Amino acid sequence: MERYNARDIETKWQNLWKEGGFYRSSPDPARRKFYCLEMFPYPSGNLHMGHVRNYAIGDVVARFHRMNGYNVLHPMGFDAFGLPAENAAIKRGVHPAEWTMRNISLMKADLEMLGISYDWDREVATCLPDYYKWTQWLFLLMYKRGLAYKKKAAVNWCPECNTVLADEQAETGKCWRCGTPVTRKDLDQWFFRITDYADRLLDDLRLLTGWPERVKTMQENWIGRSEGLLIEFPVDGLDERIVVFTTRADTIFGVTFVVLAPEHPLLEKVTAGTGRETAVRDFVSRIARSPAADRASEGASREGLFTGRYAVNPLSGERVPVWVADYVLMEYGTGAVMGVPAHDDRDLDFARKNGLPVRVVIQDESGNPTDEGLADAYVGPGTMVNSGMFDGLESEEGKRRVAAYVEEKGIGRRHVTYRLRDWLISRQRYWGAPIPMVYCDKCGVVPVPEEHLPVTLPKDVDFVGAEMSPLVSCPEFVNTTCPCCGEPARRETDTMDTFMCSSWYYFRYTSPRETRLPFDPEAARYWLPVDQYIGGIEHAVMHLLYSRFFTKVLYDAGLVDFVEPFTNLLTQGMVLKDGAAMSKSRGNIVEPRELIERYGADTARLFILFAAPPEKELEWSDRGVEGSSRFLNRVWRLVLGIAGDTAVDRQRAQMKPVRSAADVGAGGAALRRLTHATIKKVTHDIRGRFNFNTALSALMEMVNGIYRYMQECPRGSRDQVALAEAADSLVLMLAPFAPHIAEELWHRLDHAESVHLQPWPVHDEEVAKSQRITVVVQVNGRVRDRLEVDPDSSAEELQRAALESRRVGRFLEGRRIKKVVTVPGKLVSIVTE
RNA sequence: GCGGGUGUGGCGGAAAUGGCAGACGCGCAGGACUUAGGAUCCUGUGGGCGACCGCCCUUGUGGGUUCAAAUCCCACCGCCCGCACCA
């Protein structure tokens with residue numbers, strides 16, 4: 001028999017699919033659409049296993065839906081702006097554009113080699129002018145809507161990448177890309193007012209029923225909505241008020257000090273005239289120099305200094321000292337906190353270090369804690385004590401009453417604050433979309449008019465690393481004329497965060513050659529939102545939050561009619577080897593290209609889909625790969641054997657249900673049952689739950705079953721109808737997983753059309769149903785016998801059969817039956833005394 | 001610390017709603033075919049006992065609910081991930 005040669009088959013079909021434009025898609029209002037999207041890659045030059053897994057999963061989803069009659073959009077492109085290209089330019093002298101475009105073609109070749117069903121006509125690369133023109137257009141949209149603004153702020157700076165980072169990109173005090181601890185820098189930067197959308201980004205998480213709970217929780221925590229109270233503390237001896245934010249208004253009588261952040265604008269004024277000016281200034285500059293990561297960690301020292309000034313507790317009238325300390329962050333709340341050491345861990349730590357008093361104002365039912373017996377801060381709920389007119393109130397009620405009181409007196413108000421900060425989008429790098437703004441001495445900051453877009457990146461620049469965008473030293477780029485007055489002006493030299501490019505690419509795919517707008521609203525209305533988005537969990541906050549924000553802005557601008565871009569989200573697990581993520585330094589990398597060259601794309605895809613469910617981590621196994629290869633070989637030989645079995649006239653069953661007993665020969669009924677039960681199981685596993693591993697195991701069982709049938713029935717007595725149906729069904733169901741071998745075998749089974757254009761097989765419930773099923777009989781919870789019965793046996797019949805069983809009888813001897821539970825189709829459970 | 005996840009044979013992993021634990025695959029053992037096989041095909045494979053007839057134990061640990069628990073409840077332990085001075 002002809003051997004299975006994966007590589008030959010794969011290149012053959014890939015070429016034919018390409019020529020036939022097989023996976024091209026266009027809107028068709030008459031058909032249900034399905035937008036299947038995988039996160040597009042950064043073109044680093046080579047595909048890694050994580051990509052393969054991502055795209056293999058996506059391809060099953062896309063192909064499955066196509067076979068189920070959906071009009072499927074399945075595009076691919078490249079997130080092509082970014083630092084590695086620029087670093088390559090500095091290191092090796094290659095131009096970032098050249099480096100990137102070469103990598104794109106390399107990766108595209110890898111993707112094609114995998115046989116993923118992309119509509120390549122819709123390919124986008126974010127670094128091309130006809131794409132980034134629209135990224136710039138969207139920046140202008142943000143600007144017009146008052147959502148883009150420039151401000152000087154202390155921002156995260158990565159000394160390795162030589163650029164600033166958004167908060168989301170410096171999550172643990174380290175650069176998301178290179179892991180270098182970030183430092184603080186005061187810079188004039190462009191921001192997007194994502195905080196204006198904080199509530200909607202939070203509330204609309206409820207709409208995302210197709211998202212993993214985990215991702216929603218991460219976003220919820222990141223947005224960090226917190227309800228509380230702003231309260232003014234007048235400064236003793238000055239006409240100034242320190243405004244603090246607190247979520248624990250019920251503890252206000254426990255305030256024994258007030259703390260300002262080192263960057264607090266009032267600090268200098270407060271300190272002035274106290275004789276402590278120098279000490280405070282020295283302290284502040286020392287803190288400013290320390291790494292941001294140190295300051296932002298809980299284990300840090302909590303250093304502070306008395307400012308020499310006092311503030312007045314607006315409720316108790318008590319004078320409390322004003323301190324400055326590193327543990328208070330200017331970025332959160334008001335940059336000032338009221339110190340309640342008895343009921344806050346950090347305040348207690350700080351108070352103990354600095355000899356400040358501690359006063360308990362909340363106690364539980366048993367009157368704890370007390371000032372004397374306080375070991376740890378008591379942060380739980382309780383009753384207010386030592387709190388004047390509020391004594392005796394339960395803490396939640398106390399919060400409300402204090403808030404009402406403060407608002408009535410005009411010394412504060414209820415306030416909601418967020419952890420989320422505005423999105424810093426400036427980058428001091430070359431390889432990004434230029435921010436389309438111009439600085440004119442006369443007109444100030446002026447946006448580039450839409451009709452002048454794109455602001456093109458100049459090709460000739462000096463990349464030698466500096467702390468400023470290489471564009472600064474490119475006079476042809478910088479020098480321009482003011483769009484308002486026509487006088488000489490300077491261009492903005494920072495480029496945009498690449499996350500901006502990736503926040504809207506799924507819109508562009510719907511009409512990638514649109515020239516009047518970033519996307520054709522008509523096409524977007526048909527295709528969007530994305531029905532299934534698939535990618536890594538690492539983007540849970542960054543990319544996915546930004547994309548949601550963009551979508552909401554586009555909605556507000558009337559460009560789209562939905563508020564969430566991704567209806568269903570699947571976060572695939574990592575690919576591990578020897579228990580750890582594949583990495584160069586660890587030396588545990590498996591190269592997809594080598595794998596494909598050795599076993600073929602179908603084997604590679606099959607193994608990845610079989611080894612673990614998509615959401616879980618996948619432990620790589622070279623042996624497992626061999627197993628998948630063996631399975632495909634088994635399928636190959638089986639189907640070819642059936643196709644070549646000309647002993648009897650072959651009839652195509654075409655999934656028609658059995659009409660009469662005459663349709664089915666010896667053993668044919670059992671084979672048909674296997675076929676239809678497998679169709680049922682595989683369909684269910686793919687559709688609802690993406691359990692590709694169990695779907696594949698069902699196909700393996702089916703193959704085993706067909707082999708058994710062949711072995712049990714000699715050549716002449718086989719049921720050709722049932723066999724043809726089995727082979728057809730098997731190949732059809734294999735098509736989404738291993739598209740090349742399925743296509744080849746489909747043609748070998750004498751079908752003229754592509755397997756990928758066939759409808760997904762439908763099972764017949766009657767045929768799938770077993771004639772006999774096993775019902776277990778338990779005595780006192782232990783299985784004592786198994787009954788082979790008709791699936792429709794009634795409870796009474798089952799019970800009678802169970803009690804008649806000799807095996808069961810042995811365990812019933814001398815005992816009285818107390819109870820019998822019968823579940824038809826499942827079991828009979830007998831309980832004795 | 002807070003939030004989320006996870007724990008099942010030698011390994012990857014199965015067990016829709018509580019109802020035969022260990023599907024499928026890998027590995028291993030034995031056999032068949034072979035000059036040979038690391039190809040292919042059969043058989044066996046959680047642990048223990050035992051006249052292949054079976055019995056007992058077993059889903060991180062300890063309790064509980066139930067005729068029945070990997071699955072539900074309570075407490076604990078391990079590992080993984082995210083956030084982490086957020087007032």
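A search of the whole structure, a predicted model, turns up 2 cavities of 30 Å³ or more. The largest holds about 160 Å³ of space. Its lining is made of 17 residues. Leu83, Arg177, Arg427, Arg429 and Thr498 lie nearest the centre of this cavity.

Which elements give two or more residues to the lining of the largest cavity? They are α3 (83–92), β4 (163–165) and β21 (495–496). The lining is mixed in class, with 6 nonpolar, 6 polar and 5 charged residues.

Where does the largest cavity lie with respect to the domains? Domain 1 covers 32–121 + 513–588, and domain 2 covers 136–193 + 422–498. Both give residues to the lining, so the cavity lies between them.

Now turn to the charged pairs. Side chains of opposite charge can pair when their charged atoms come close. In this model the count comes to 43 salt bridges.

Take Asp204 and Lys552. Their side chains meet in a salt bridge, at 2.5 Å from N to O. Asp204 sits in the loop between α6 (198–203) and α7 (213–223). Lys552 belongs to helix α17, residues 542–556. The two are 348 residues apart in sequence, so the pair ties together distant parts of the sequence. Are these two partners buried or exposed? Asp204 has a relative accessible area of 15%, under the 20% cut-off, so it counts as buried. Lys552 is buried too, with a relative accessible area of 0%.

A second bridge stays within one helix. Lys353 pairs with Asp349, and their closest N and O atoms are 3.5 Å apart. Both residues are in helix α11, residues 345–354. They are 4 residues apart there, so about one helical turn separates them. Lys353 is partly exposed, at 47% relative accessibility. Asp349 is also partly exposed, at 26%.

A third bridge joins Glu407 and Arg414. Here the closest N and O atoms are 3.2 Å apart. Glu407 is partly exposed, with a relative accessible area of 35%. Arg414 is partly exposed as well, with a relative accessible area of 44%.

Some bridges share partners. Which residues do they join into one network? Glu2, Lys12, Glu744 and Arg748 are linked in this way.

Note on methods: Residues are numbered from 1 along each chain as its sequence is written. Chains are lettered from A and ligands numbered from 1 in the order in which they are written. This is a predicted model: local features need pLDDT of at least 70, side-chain atom pairs count only at pLDDT 80 or more; totals for chains, interfaces and linings use all residues. Side-chain values use heavy atoms; hydrogens and water are left out. On a 1 Å grid over the protein atoms alone, a cavity is a set of points where a 1.4 Å probe fits but cannot get out, and a pocket is an open set with protein on both sides within 12 Å along at least five of seven lines; lining residues have an atom within 4 Å of a point. Grid points are joined across faces, edges and corners, and a volume is the space filled by probe spheres set on the points. Ala, Val, Leu, Ile, Met, Phe, Trp, Tyr, Cys and Pro count as nonpolar, Asp, Glu, Lys and Arg as charged, and the others, Gly among them, as polar. Domain bounds come from an automatic or database domain assignment. A salt bridge is a side-chain nitrogen of Lys or Arg within 4 Å of a carboxyl oxygen of Asp or Glu. Buried means under 20% relative accessible area, exposed over 50%, partly exposed in between (1.4 Å probe, protein chains only).
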